[in-house]
Amino acid sequence: MTRYVGAIDQGTTSTRFMVFDHAGREVARHQLEHQQILPQAGWVEHDPVEIYQRTCEAVEGALSRANLTARDLAAVGITNQRETTVVWNPKTGEPLYNAIVWQDTRTDRLMHKLEQDGAGDTIRRKAGLPPATYFSGGKLQWILDNVKGARAAAERGEAVFGNIDTWIIWNLTGGAGSGAHITDVTNASRTMLFNLETLDWDDELLALFNIPRQMLPAVRPSSDANFYGMTQRDGAFKGEIPLCADLGDQQAATVGQVCFAPGEAKNTYGTGNFMLLNTGAEIVPSHAGLLTTVCYKLGAAHSVYALEGSIAVTGSAVQWLRDQLGIIKQASDVETLANTVADNGGVYFVPAFSGLFAPYWRADARGCIVGLSRFNDRGHLARATLESICYQTRDVLDAMTKDSGVRLEVLKVDGGATVNDTLMQLQADVLGVPVVRPVVAETTALGAAYAAGLAVGFWTDTDEMRRNWQAGKRWEPVWSADQREAGYAGWGKAIERTLNWIDVN
């Protein structure tokens, strides 16, 4: 009996498999971290083979914990860290190079040259994106130009490309010889190679990056009743289940937060922060430093678009406190440490480890801590780290208001960091609007499950999903307007100190 729907949530630092029932409630989960490979400053890589192994282990672990089998699942969806780029041999399944992660900045000079040569306007007009190190196209070009034999292999049909979603789907549906080489419209829209109007790979954009079209996956809807393929009996699920949904993680969270109407928005707190505003069937160009992206495409229905504000480093700044500085033992300790002080003590931390993303798009920026005096201690740095997440979110929200004319009255939030009550209260204070977390905070996985269940009729329509959404906790702002603006003015001065640090000419 197919009582549940499963979702693979492949993130920047870990992979989880979650199972949901018809009410959208969590039934089971298992989560495993993978290695962060940092070959040199600005380079971030993952081992794609390790990621697929962790995916299989997460699936097996969750099913075992809940005493479930493949027969209990109606369908499976996948959601993934976007823009992280994999190139592999489809005949052997061997990657030609490590996956280059979305945070990686090695293509900064390439992006700067595209802008200088006037190609930036073409990329913005067609793909809705600025030329930035964030996206897949430059990473793919780097692999073809710098990995020995990669370009020749691509010309021979022995090297194909995909973001992490494509890599996992290919492996789950059979791998070498039979795996489905596909992606969905949301992931395709994060490459700088995809035309938002035609919903297809664009030859002019491919030419800018010198990328052979035959390397690219077929583009499918985010929820597809025709299925991408079936999981294999000898694979992680030990049975055949329709694999029929695929969304980039932030688009999946938008579905999980049931933001199905134009003007509805959500903010996800993870390794980075990502705010999406549903703009409906309209492609809205940004004039304030945001991205225009595909939000989702459910079956044969028209694609829905969004404005997005992407922040590179939020939760990973807390990990930096833990792993590089060693001032906390686990990520959750940051809240306790931040609460040892009454305020930031004049300290601001701008974690521009990968440059600044929205709304600045400055690859030359690097992280800085400013305002230090002998008075300051670890608590002030912990509090400044939490505040940096909130101030970056305000930067994005202000830009979103300029582009859309929509002033949010309530911010829907989700993601792992929303368990930090201090962070959520600071977010309400910095923005001056209430912050609401749903009962199911892991909406990224839930969105992938919703899209998969919709494809097989487990849920009949989006209204049925909307009825599942319930508020879990709400935070009201307590800062005065003067306190809010004084804090934000200090943040603006700190941002200025990060700029022009790296020469990208």
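## Pockets, a buried loop and lone cysteines

User: How does the lining of the largest pocket divide into nonpolar, polar and charged residues?

Analyst: There are 12 nonpolar, 19 polar and 10 charged residues in that lining. Keep in mind that this is a predicted model.

User: Ok, and how much space lies in there?

Analyst: The largest pocket holds about 980 Å³.

User: Which residues lie nearest its centre?

Analyst: Y269, G270, T271, G416 and A417 lie nearest the centre, out of 41 lining residues. Two or more lining residues come from each of these elements: β2 (14–20), β3 (26–33), α9 (249–256), β15 (265–269), α10 (315–325), α11 (333–338) and α12 (378–404).

User: Which of those gives the largest share of the lining?

Analyst: That's α10, with five residues.

User: What about the second largest pocket, what volume does that have?

Analyst: About 650 Å³. The second largest pocket is lined by 23 residues, and the ones closest to its centre are L38, V44, Q103, Q324 and F353.

User: Which element gives the most to that lining?

Analyst: α10 again: it gives six residues to the lining of the second largest pocket, having also given the largest share to the lining of the largest pocket.

User: And how do the residues lining the second largest pocket divide?

Analyst: Seven are nonpolar, 12 are polar and four are charged.

User: Switching topic. Where is R106?

Analyst: R106 sits in the loop between β7 (99–100) and α2 (108–116).

User: An arginine in a loop, then. Is R106 buried or exposed?

Analyst: R106 is buried, because its relative accessibility is 10% and the cut-off for buried is under 20%.

User: What does the R106 side chain pair up with in a polar contact?

Analyst: The side chain of D104, at 2.8 Å. Beyond four places in sequence, R106 is also in contact with G42, W43, V44, E45, Y97, I100 and W142. One of those contacts, V44, is also among the residues closest to the centre of the second largest pocket.

User: And T105, where's that, and what does it touch?

Analyst: T105 is in the loop between β7 and α2 as well. Leaving out residues up to four places away in sequence, T105 touches G42, T133, S354 and R366. T105 counts as buried, with a relative accessible area of 7%.

User: How many disulfides does the structure hold?

Analyst: Zero.

User: Why doesn't C295 have a bond?

Analyst: Because the closest cysteine sulfur, in C259, is 7.9 Å from the sulfur of C295, and that is too far. C295 is buried too, at 0% relative accessibility.

User: What about C390, how far away is the nearest cysteine sulfur?

Analyst: 17 Å away, in C368, and C390 is in no disulfide. C390 is also buried, with a relative accessible area of 0%.

User: Last one: how many residues of helix α6 are buried?

Analyst: Nine of the nine, residues 164–172, so the rest of the structure largely encloses α6. They are I164, D165, T166, W167, I168, I169, W170, N171 and L172.

User: What phi does G174 take just after α6?

Analyst: G174 takes a positive phi there, about 130 degrees.

Methods: Residues are numbered from 1 along each chain as its sequence is written. This is a predicted model: local features need pLDDT of at least 70, side-chain atom pairs count only at pLDDT 80 or more; totals for chains, interfaces and linings use all residues. Side-chain values use heavy atoms; hydrogens and water are left out. On a 1 Å grid over the protein atoms alone, a cavity is a set of points where a 1.4 Å probe fits but cannot get out, and a pocket is an open set with protein on both sides within 12 Å along at least five of seven lines; lining residues have an atom within 4 Å of a point. Grid points are joined across faces, edges and corners, and a volume is the space filled by probe spheres set on the points. Helices (H or I, at least four residues) and strands (E, at least two) are DSSP runs, numbered from the N terminus. Ala, Val, Leu, Ile, Met, Phe, Trp, Tyr, Cys and Pro count as nonpolar, Asp, Glu, Lys and Arg as charged, and the others, Gly among them, as polar. Buried means under 20% relative accessible area, exposed over 50%, partly exposed in between (1.4 Å probe, protein chains only). A polar contact is a pair of N or O atoms within 3.5 Å; within protein, one must be able to donate a hydrogen and the other to accept it, and residues adjacent in sequence count only if both atoms are side-chain atoms. Contact means heavy atoms within 4.5 Å. A disulfide is a pair of cysteine sulfur atoms within 2.5 Å.
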